[in-house]
Amino acid sequence: MDKIFIAGGTGFIGRHLVSALREDKYDVRCLVRTPEKAELCKAQGFESVIGELTDRESLKGALDGCSMVIHLIGIIEEKGTQTFKAVHVEGTRNLLDVAKKQGIKHFFYQSALGADLDSWAGYLRTKAQAEELIKGSGIPFTIFRPSIVVGENDGFTKKIKDMIASLSPLIAVPGKGKARFQPIYVKDWVRCFFKIIDNPDAIGKTYSFGGTEQLTYKEIVQAVASAMGSQKPIVHIPSLFVKLTAPVLGIVTVEQIRLLDVDNICDPESVKKNFGFEPMTFKDALRLFISL
């Protein structure tokens, strides 16, 4: 069996996916940025190669012997040279160039629900630009556009959990907290992935999906607080003052704040229609990964 190359295998979703692939006896090679992460991969029994998505030269030979690429790398905050354009667009372009030379048979990309070339949000706009590069590459592809993926150590609920666990006697919700999201449990995301990995019908398709519940941000915060056993009251912070409270909220950019005011939803039956099963509810998922 040819190897599967994963960019982003040591991230939140990547760790769950790599574990599942290894259980199913797939041969996996992960792109890592440091020797320390390479050693971690080795200790867990899979191969790695040190490189950087934004450094094309470092990717030479990385895909040798591989037939599929799984591209999970993405950032939600720009830091220094790690901009949305550099990581999402140029990084994807670099990986596609190497994949094309290698003759990769299937290129999988983790995009985002709401990705749009005309979006005001750099995160969503560059995700859409990466999609366009993939579609125009000539390489057989599959694209996932999930809503928020949650699970142990996911960034979204971790920030909420940290906010609730802080010394503040209140839980501060930016704005009105009415924007809706469709959180999906990471192991359900993995189930979705396994429905497409060896499925020729998935080639050339883009799947937009999320959980069965369209929950407001406030409802999500309330659910996390309940799972943690917290009874702190929720207060709404006007958007004008949210930036001042960013360290408490765990939100560090204006874009992240604005995205919390925008619906991120799709068909509640999207997983059942596209992948043939009913995903776990947010409340049930929280019981599995939120510590009291």
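## Two loop residues with positive phi

Let's start in the loop between β7 and α5, which is where asparagine 153 sits. In this predicted model, asparagine 153 has a phi near 70°, a positive value in a residue other than glycine.

Lysine 25 is another residue to look up in your viewer. Its place is the loop between α1 (12-23) and β2 (28-32). The phi of lysine 25 is near 70°, again a positive value in a residue other than glycine. Is lysine 25 buried or exposed? Lysine 25 is exposed, with a relative accessible area of 68%; the cut-off for exposed is over 50%.

## Strand β6 and its surroundings

Now move to strand β6, which covers residues 141-146. How many of its six residues are buried? Six of the six are, so β6 is largely enclosed by the rest of the structure. The side chains leave the strand in two directions: Phe141, Ile143 and Arg145 point one way, while Thr142, Phe144 and Pro146 point the other way. Both sets are buried, with Arg145 and Thr142 among them.

## The neighbours of β6

Which strands pair with β6? One is β5 (residues 106-110), which pairs with β6 in the parallel sense over four bridges. Another is β11 (residues 205-209), which runs parallel to β6 and is joined to it by five bridges.

Isoleucine 143 is a handy residue to click on here. In the pairing with β5, tyrosine 109 stands opposite isoleucine 143 of β6. In the pairing with β11, isoleucine 143 stands opposite threonine 206.

There is also a helix to follow in this part of the chain. Together, β5, helix α4 (residues 122-135) and β6 make a β-α-β unit, and this unit is right-handed.

## Helix α12: a buried face and an exposed one

Finally, take a look at helix α12, residues 282-289. Its buried residues are Phe282, Ala285, Leu286 and Phe289. Seen down the axis of α12, these buried residues fall within an arc of 105°, so they line one face of the helix. The face turned away from the buried side carries Lys283, Arg287 and Leu288, which are exposed.

What do the buried residues of α12 pack against? Their partners are the helices α5 (155-165) and α7 (217-228), along with the strands β7 (149-150), β10 (184-185) and β12 (215-216). Two of these names bring us back to the start: the loop between β7 and α5 is the one that holds asparagine 153.

Definitions and conventions:
Residues are numbered from 1 along each chain as its sequence is written. This is a predicted model: local features need pLDDT of at least 70, side-chain atom pairs count only at pLDDT 80 or more; totals for chains, interfaces and linings use all residues. Side-chain values use heavy atoms; hydrogens and water are left out. Buried means under 20% relative accessible area, exposed over 50%, partly exposed in between (1.4 Å probe, protein chains only). Two strands pair if DSSP finds at least two bridges between them. A crossover is right-handed if, with the strands pointing away from the viewer, the path from the first strand over the helix to the second runs clockwise. The arc is that of the directions from the helix axis to the C-beta atoms. Contact means heavy atoms within 4.5 Å.
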